[in-house]
Structures are given as structure tokens and as C-alpha cells.
Amino acid sequence: MTDVHRTVDAIWKMESARIVAALTRMVRDVGVAEELAQDALVAALEQWPQSGVPDNPGAWLTTVAKRRAVDHIRRDRRFAEHGETLAHDLAERRRMDDGVGGPAYDLGAAEPASEQDDVLRLMFVSCHPVLPTEARVALTLRLLGGLTASEIARAFLSVEPLIARRIATAKRTLAEERVPFELPDGAELSERLSSVLEVVYLIFNEGYSATSGDDLIRPGLCLEALRLGRLLAESVPDEAEVHGLVALMEIQASRTAARTGPAGEPVPLDTQNRGRWDRLLIRRGFAAMLRARTVGTPGRPGPYVLQAAIAVCHAQARTAEETDWVRIAGLYAALARLLPTAVVRLNQAVAVGMADGPAAGLALVDTLTSDPALRDYHLLPGVRGDLLLRLGRGEEARREFERAALLTKNAAERAYLTRRAEAIPIGDASTRTFGEAIDAFLAQDRLAPATARSYGQTLWRLRLSLGVGLPLASLTAEQIADAFRVSWGGVAAATWNRHRSAVRAFGAWTHTPGLDAAIPQRTPEHRPAPTPAPVRTGTAWPGDAEAPLRERTLWTLLRESGATVTAVLALNVQDLDLPERRARRADRQADQRPNRRGAWITWRSGTAALLPELLAGRARGPVFLADRRPGPARAGILGAEDVCPQTGRGRLSYERAEFLCKSATGHPLRRLRDWDKDGDES
């Protein structure tokens with residue numbers, strides 16, 4: 001990466017939220033706004049290496065992005081001119097331009113909104129009640145924090161594919177519901193503020209303890225969260241929880257310099273050099289806490305005010321020994337009653353372990369080991385290992401630290417936890433461990449590759465749950481069953497039974513039969529056939545209307561083939577058999593039945609007439625291409641098969657195709673697939 005590219009990347013991290021917010025105000029669609037902003041970033045990467053970085057790079061990016069937005073609005077207007085809706089809009093706009101009102105779209109001529117207000121609007125749009133709570137948080141983290149799906153998954157204690165789908169669905173929902181780009185007021189403000197605060201704190205936490213990579217801390221994210229928190233405090237000064245969150249983040253950020261050692265290794269709170277804590281940030285945190293108490297309801301603190309009070313206790317102690325752990329444990333008890341999440345209860349266990357002794361803390365931690373939300377949370381075995389070590393149970397502590405090292409994706413944390421495990425002497429080195437037995441079992445020559453992969457998935461998960469160093473002789477059916485329920489308690493019967501079979505095979509090979517005795521066999525449930533959709537008649541086929549070639553081809557192919565939208569969008573040029581009017585499927589369903597008729601998508605004369613014109617001589621790459629080349633953020637997640645080697649443009653996404661279809665026809669893509677040739681819809 002060149003110096004210019006590093007500069008562009010740094011500037012983009014600072015400016016992206018502001019630019020996306022400004023574009024959302026113009027185009028009224030956060031998904032489109034993000035695409036247009038990425039287009040401006042691509043332009044900077046192309047032009048700045050030759051022309052140099054402009055004097056005001058933020059203004060340059062904003063100007064380019066707004067020009068793209070104006071082009072987008074004008075193009076959409078032209079496409080919509082053939083519908084009755086646009087005819088009404090044109091008449092309304094002419095009436096408004098004659099003096100009754102202003103233009104329908106804000107192209108810069110309307111009353112300007114401050115950049116600060118734009119970012120605030122974007123925050124509240126992303127947290128609109130039309131979205132589920134999880135989607136609000138994920139979307140705002142993506143748009144305003146610049147976090148990837150994997151980083152958000154860690155903040156949610158979830159998985160990356162689920163988060164990616166959640167973000168895409170949230171963008172689509174906001175576009176479909178035409179959510180206004182404006183600030184809420186009254187009761188709606190309070191309702192949506194809690195989601196905004198949660199988002200800001202999750203951004204801060206991702207910077208304070210990075211998900212992955214070599215560094216423990218990502219200061220840029222902490223600064224971004226502080227900026228957003230201060231912005232909220234200025235905009236809604238009468239909300240105690242806003243000031244409580246700002247106080248919490250200011251005090252936690254004050255410890256940044258002391259949280260890592262010379263090699264970047266983590267330094268626990270009780271061993272940090274408190275002389276390196278930033279006193280200015282601490283004073284700011286105290287001031288924010290005073291404002292929270294001033295505007296809050298006496299005797300009824302919210303969750304962020306309580307967490308800020310805990311941070312104040314740590315900041316007031318001159319040494320670790322002077323920390324008032326009894327008060328902190330009491331504050332955590334109040335927080336757990338108000339916000340009884342698994343992570344809060346884990347932190348409460350740490351405080352109880354310091355106030356009342358490690359045995360009391362361990363008893364509380366042990367109540368959390370079966371919580372599925374903490375299944376992959378490395379701090380659970382880390383905390384448990386620390387408490388066990390303080391109780392003198394070194395062998396058990398070593399296994400917990402090994403588990404924690406396996407679960408964390410951050411290199412600095414992994415090295416730290418591994419060192420803690422290695423510092424504890426091994427008891428009987430000749431005793432065969434659970435991890436060693438799993439490795440030997442999977443290395444058998446008699447296991448077919450597919451069987452070894454299936455067994456490996458099951459046993460790897462159990463190894464994470466129970467620890468690699470657990471002596472095989474001490475492994476019990478009850479331990480296996482507890483870990484089994486945490487890992488697969490909500491899966492389908494067939495998946496449950498497959499994992500159970502792997503445990504039974506492992507137990508037989510290790511001469512410890514009965515390991516699966518506490519895991520019951522499940523009977524698959526009978527699912528009734530889905531009710532067919534009602535038939536609607538008398539509606540004209542929208543593909544007959546004038547539309548861009550790509551959209552007409554997609555809609556016609558869906559209509560003629562009856563294939564799913566996902567399968568059609570996954571088609572590649574090299575898989576087409578144009579003379580035979582068919583294409584080999586590129587989705588998972590084709591892999592499951594490669595030699596059957598279902599592995600092919602077929603079409604009729606309408607598609608056959610459109611496809612050659614759409615392909616325009618291309619020999620490889622996706623059939624349906626996006627409007628532009630992918631920006632750096634999306635390019636990093638696209639495979640080579642998803643990019644056209646001739647044009648550099650990526651595969652058309654489901655979200656974009658759905659938006660284009662609904663904008664032009666008023667119908668979702670799946671509805672077009674079921675349109676019959678007589679004009680009826682089923």
C-alpha cells in the first residue's frame with residue numbers, strides 16, 4: 001500500500017459517516033448512499049496518486065459523492081417518467097416550484113442542514129423502530145462506525161453471516177418503508193435513543209478491545225465513539241443516560257496508555273501504572289457524570305449511569321488496593337437487576353470475586369457456563385481461570401486459559417493467555433488429554449475424508465467447550481451432555497443426531513463407551529406443506545414497460561425459468577448454453593444434484609433475445625453486473641468469480657436488484673418470478 005493509499009484510507013475513516021449522512025439526506029436511501037460514497041472513495045484512489053491529495057480532502061470527497069448522488073437522482077427520475085407516480089410527482093413539483101413549496105429532492109438548493117445534524121439524523125434513521133433492535137445496532141455500526149460484519153458479530157456475540165444478512169435486510173427495509181431523514185422528537189426520541197447509545201458504546205468497545213488483528217486497541221474507533229457521544233450530549237442535553245455514557249467512555253479511554261505493555265501485551269486493570277492514566281479524560285468523565293446526576297431522576301439511575309459510577313470508583317482509587325470493590329459489587333448487582341445480560345453477570349462475578357473472595361466469584365461464574373450467549377466468549381474461561389488460579393486449582397486454571405486462547409481472535413490477547421497457561425506447571429505429563437485423543441481419532445486412515453470433516457466439526461466444538469488439556473480419563477457423559485446442549489441445543493433433529501453419532505464413534509474408539517449416554521436421540525418433526533400463495537389476476541407484466549436492458553433481462557429470466565432470485569443472480573457467463581437456452585446452476589442446490597435436471601436453469605424466447613445483447617461479447621464473470629466497480633470495502637469480500645474480468649464490475653447484489661425492481665415496478669423480485677405468460681400472478 002502506497003503512502004497516498006494510506007492517506008486515503010485514514011481520511012475515509014474520518015469522513016465516511018459524514019459523507020454517507022449527507023448523501024442519505026439527498027437520496028433518502030442509506031444503502032444507495034453508502035454505494036455512492038464508496039464510488040467517491042474509488043475516484044480518490046484512482047485520481048489522488050496522480051494529482052496528489054487535495055488541500056481539503058474531505059470537501060473533495062463530499063463534492064464528488066454529491067455529484068454522483070445528483071446523477072443518481074436524475075437517472076431515477078428519467079426511469080420513473082413512464083409511471084403514474086412520477087406524473088403525479090412532476091405535477092406536484094411544478095406546483096411547488098411556482099411558489100407553493102420547495103423541490104422534491106434536496107440537491108443543495110434547499111435550506112442547508114449542518115453536517116453535525118446530518119450525522120445525528122443518520123444515527124436516528126439507522127435506529128428507526130421499523131427495524132428490529134439487533135438490525136438497528138448492526139446497521140448503525142456499519143454506517144457510522146465503519147465496522148465489518150465480523151467485528152459487529154463479536155460485539156453481538158453472534159456469527160458473521162447472520163450479521164451480514166441483518167445489515168442487508170435493514171437497508172432494504174428502510175428503503176421500502178421510505179423512512180424520513182429527520183430527527184425524532186418527544187416520546188419517539190426516548191424510544192430510539194437507547195438503541196443509539198447501545199451502538200455508540202459497542203463502537204467504543206470494539207476500539208477498546210479489538211476483535212482481531214495484532215493490536216489490542218484501535219484508538220480510531222474509541223475516538224469516533226467519543227465524538228458521537230459528545231455530539232449526542234450536545235444535541236440532547238437533558239438525557240442523563242447520554243451523559244452517563246460519555247462519562248463511562250471518557251474514563252475508560254483515560255486508561256488507554258496503561259492497558260498495553262512494551263510488546264503490545266494486555267495489562268490487567270489491577271496491575272496498570274495509574275500514573276499513565278490520562279487525567280484530562282478523567283476530569284471530563286467526572287464532569288459528564290455530574291451532568292448526568294443533575295438532569296437524571298434521583299434514585300433511578302439508568303444502565304450507563306451505573307456503569308459510569310463503576311468507572312468513577314476505579315478512577316478515584318489511587319492504587320488497586322484502595323479500590324472500593326464492595327461498592328463496585330453493589331453497583332453491578334443493581335446493574336444486573338436493570339440489565340440482566342450474560343456479560344453484565346460475568347462482570348458482576350469478577351467484582352464479587354474481588355469483594356467476597358474467589359470462591360464466591362467462581363460460584364457465580366459457574367452459573368453462566370451453560371449460557372449459549374457466552375459459548376464463544378473468551379472472557380468467560382479467562383475469568384474462570386483467574387478465579388481457579390487464586391483458589392490454588394492450577395491444573396483447572398491452565399485448561400481454562402488454553403480454552404480462552406483458542407476462542408480469542410486477537411493475537412495480543414491470545415499470546416497473553418497462552419503465556420498464562422504455560423506459566424502453570426503440568427501435573428502428570430503422561431496422562432492422555434481430550435485434545436490429544438481427538439487428534440489421534442481424526443488422523444485414522446480408515447475414516448473417509450467427508451466423515452473425518454463431519455466428526456472434526458463436532459469434536460472441535462466440544463474441545464473448545466471442555467478444553468484441550470482435560471484428562472481423557474476424567475471425561476464424563478454429563479460433561480459432554482452439558483457442552484452438547486450449549487453448542488447445539490437449538491439445531492434441527494438431524495443435525496443433533498449427526499453430532500451425537502460423532503460422540504458415540506469417538507467414545508467407542510477411545511474405549512470410553514457411554515459418552516453419549518446423556519444425549520437423547522431426537523425424532524425429526526413432521527412439517528406441513530406450505531400453503532400456496534393466493535392468485536391475483538388482471539395485472540400487466542411489468543417487463544413490458546420500458547426499463548434498462550439488465551433489469552428487463554433479469555425480470556424476463558425469472559419469469560420464464562421459475563428459478564429462485566438467488567440462483568439467477570449467481571449465474572456466470574461461462575456456464576451459459578445459449579443455443580440450448582439453459583445454464584448450469586452455480587448455487588448450492590446444483591452441488592447437491594449435479595446430474596439431475598434441477599441442476600439446470602432453462603428459459604424461453606424472451607430471455608434468448610435479450611441475453612446476447614446484455615453480455616455484449618463477455619466470455620466470463622457474472623451475468624448480471626452491478627452499476628459500478630466495487631469500492632475497497634466491498635472488493636475485500638468479493639471472490640474472483642464475483643467480478644467481471646473485462647469491466648471490473650462486481651456481481652449485482654440481491655439488495656440492489658430488489659431495490660431497482662420495486663422502484664420501477666412496485667413488485668418484489670420473487671413476485672415477478674411467478675408471473676405467468678397470460679399476465680396473471682400466482
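When I say helix or strand today, I mean a DSSP run, with at least four residues for a helix and at least two for a strand, numbered from the N terminus. On that basis, the chain has 30 helices and five strands. Please keep in mind that this is a predicted model.

Let me begin with the whole chain. There are 682 residues, and 48% of them count as buried. The accessible surface is about 33,500 Å², with 51% of that belonging to carbon and sulfur atoms. If you take the contacts with a separation of 6 or more, 65% of them are between residues 24 or more positions apart.

Now to the inside. Which residues touch the most other members of the largest nonpolar core? They are L23, M123, V200 and L232, in a core of 103 residues. Helix α9, residues 187-208, gives this core its largest share, with 11 residues. Have a look at M123 on your screens: leaving out residues up to four places away in sequence, M123 touches T140, L144, V196, V200, L228 and L232. Apart from that core there is another one, of 27 residues, and its members include W555, L557, L652 and L669.

Two helices next. L228 and L232, those partners of M123, are among the buried residues of α10, and so are L221, C222 and E224. Helix α10 covers residues 219-235, and its end C-alpha atoms are 24 Å apart, which agrees with the 24 Å that 17 residues should span at 1.5 Å a residue. Helix α13, residues 303-316, reaches 20 Å from its first C-alpha to its last, close to the expected 20 Å for its 14 residues. Is α13 enclosed or open to the outside? It is largely enclosed by the rest of the structure, because 13 of its 14 residues are buried.

On to the strands. Three of them form an open sheet in the order β3-β4-β5, with antiparallel pairing. Which strands stand at the edges? Those are β3, at 576-577, and β5, at 600-602; each has a single partner strand, so one side of each is left without a neighbour in the sheet. As a reminder, strands of a sheet pair through backbone hydrogen bonds, either parallel or antiparallel. Here β3 pairs with β4, residues 582-584, over two bridges, and D577 stands opposite R582 in β4.

Let me move along to T607, which sits in helix α27, residues 605-615. Buried means under 20% relative accessible area, and T607 counts as buried because its value is 0%. Beyond its neighbours within four places in sequence, T607 is in contact with T556, L557 and E560. You have met L557 already, as a member of the core of 27 residues.

For contrast, try P645, in the loop between α28 (632-635) and α29 (654-665). P645 counts as exposed, at 63% relative accessibility. Leaving out residues up to four places away in sequence, P645 touches R620 and G621. Its C-alpha is 9.2 Å from that of A619, although the two are 26 residues apart along the chain.

Finally, cysteines. How many disulfides does a search of the whole structure find? Zero. Two cysteines to click on are C644, buried with a relative accessible area of 1%, and C661, which counts as buried at 0%. Thanks, everyone, and over to you.

Definitions and conventions:
Residues numbered from 1 in each chain as written. Predicted model: local features only at pLDDT ≥ 70, side-chain atom pairs only at ≥ 80, totals over all residues. Heavy atoms only, no water. Buried < 20%, exposed > 50% of the residue type's maximum accessible area, 1.4 Å probe, protein only. Contact = heavy atoms within 4.5 Å. Core = buried A, V, L, I, M, F, W, Y, C linked by side-chain atoms within 4.5 Å. Pairing = 2+ DSSP bridges. Disulfide = S-S within 2.5 Å. Expected span 1.5 Å × (residues − 1). Areas by Shrake-Rupley, 256 points an atom, 1.4 Å probe, with all protein chains shown as cover.
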